[in-house]
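Let's take a friendly walk through a protein model together. Have a look at the picture first, and then we can go through it step by step.

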Amino acid sequence: MQFVIASHNQDKIKELQRILRVRKNDAIPYTELVEKKHFPSEGNRSYTENASRKALFISKFLPEQLVIADDSGLTLTSQPEILGVRTARDLVAYPTPHEYDQHIIELVQGRDRSFKMTTVLACAYQGRILKVARGVLAGQIARAEEGTAGEGFSRILIPEGSSKTLAQMTFDESYPYLTRSRAAEELDRFLKEDHN
């Protein structure tokens, strides 16, 4: 299958392309097919709502394509009132991965270090949502950044059952833990097994 990714985030596009290739799918950014659009603003209520809004928006321009969009966020057990669905907006003052990683480490200093990372992947076709898939990862925030692989929070997220951050793992090692891979696998199974 070929998917069209409704995103302007190059790191997210590359990660989704790599993840989707694992199950023999292709993906291209929507800007390869139509000119760049201004997405509707994201809300603070729901990952599903945000991802679906982006997928449906691009589906209007590319109705015959399988359009996917995601929304992701980090929730800290010790600071439940911040981040979550507002993660990107709450971290706008920290423009680089190093800066926001350091901020997260400071937020859990001397507190419960457990986290939950969530990704929702919405797939639209002909102007309607076919499937919303979810990937969740739980674990501990590292005490310092470790590793060089991956993007985003990968240098500080230690999955349950591991002693390494995602960034200390090879792609093959990290793939089962990645929230986008978990969501993409659910979507792929739905489309291939339920809707042949």
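Keep in mind that this is a predicted model. A good place to begin is with the rings: Y30, F39, F57 and F61 come together as one aromatic cluster. One member of this cluster also has a charged companion, since the charged end of K37 sits over the ring of F61, 4.3 Å from its centre.

Now count the ring pairs: the model has five aromatic pairs. F171 and Y175 make up one of these, an edge-to-face pair with 5.8 Å from centre to centre and 65° between the planes. Are these two residues buried or exposed? Buried means under 20% relative accessible area. F171 has 18% relative accessibility, so F171 counts as buried. Y175 has 12%, so Y175 counts as buried too. F171 has a charged companion as well: the charged end of R18 sits over its ring, 4.0 Å from the centre.

Next, find the sheet. In which order do its strands lie? This open sheet of six strands runs β2-β1-β3-β4-β5-β6, with mixed pairing. β2 (26-29) and β6 (157-159) each have a single partner strand, so one side of each is left without a neighbour in the sheet. On average, neighbouring strands are turned by 40° against each other, direction ignored.

Look inside the sheet at β3 (residues 66-76) and β4 (residues 114-125), which pair in the antiparallel sense over ten bridges. There, D71 stands opposite V120 in β4.

Finally, add the helices. Helix α1 (residues 10-22) packs on the sheet and touches β1, β2, β3 and β4. Helix α2 (residues 47-61) also packs on the sheet, touching β3, β4 and β5, and its direction makes about 160° with that of β3.

Notes:
Residues are numbered from 1 along each chain as its sequence is written. This is a predicted model: local features need pLDDT of at least 70, side-chain atom pairs count only at pLDDT 80 or more; totals for chains, interfaces and linings use all residues. Side-chain values use heavy atoms; hydrogens and water are left out. Rings of Phe, Tyr and Trp (its six-membered ring) pair if their centres lie within 6.5 Å; planes under 30 degrees apart count as stacked, over 60 as edge-to-face and the rest as tilted. Buried means under 20% relative accessible area, exposed over 50%, partly exposed in between (1.4 Å probe, protein chains only). A charge sits over a ring if NZ of Lys or CZ of Arg is within 6 Å of the ring centre and within 35 degrees of the ring normal. Two strands pair if DSSP finds at least two bridges between them. Helices (H or I, at least four residues) and strands (E, at least two) are DSSP runs, numbered from the N terminus. Axes are lines fitted to C-alpha atoms, for helices over the stretch in contact, and angles run from 0 to 180 degrees between N-to-C directions. Contact means heavy atoms within 4.5 Å.
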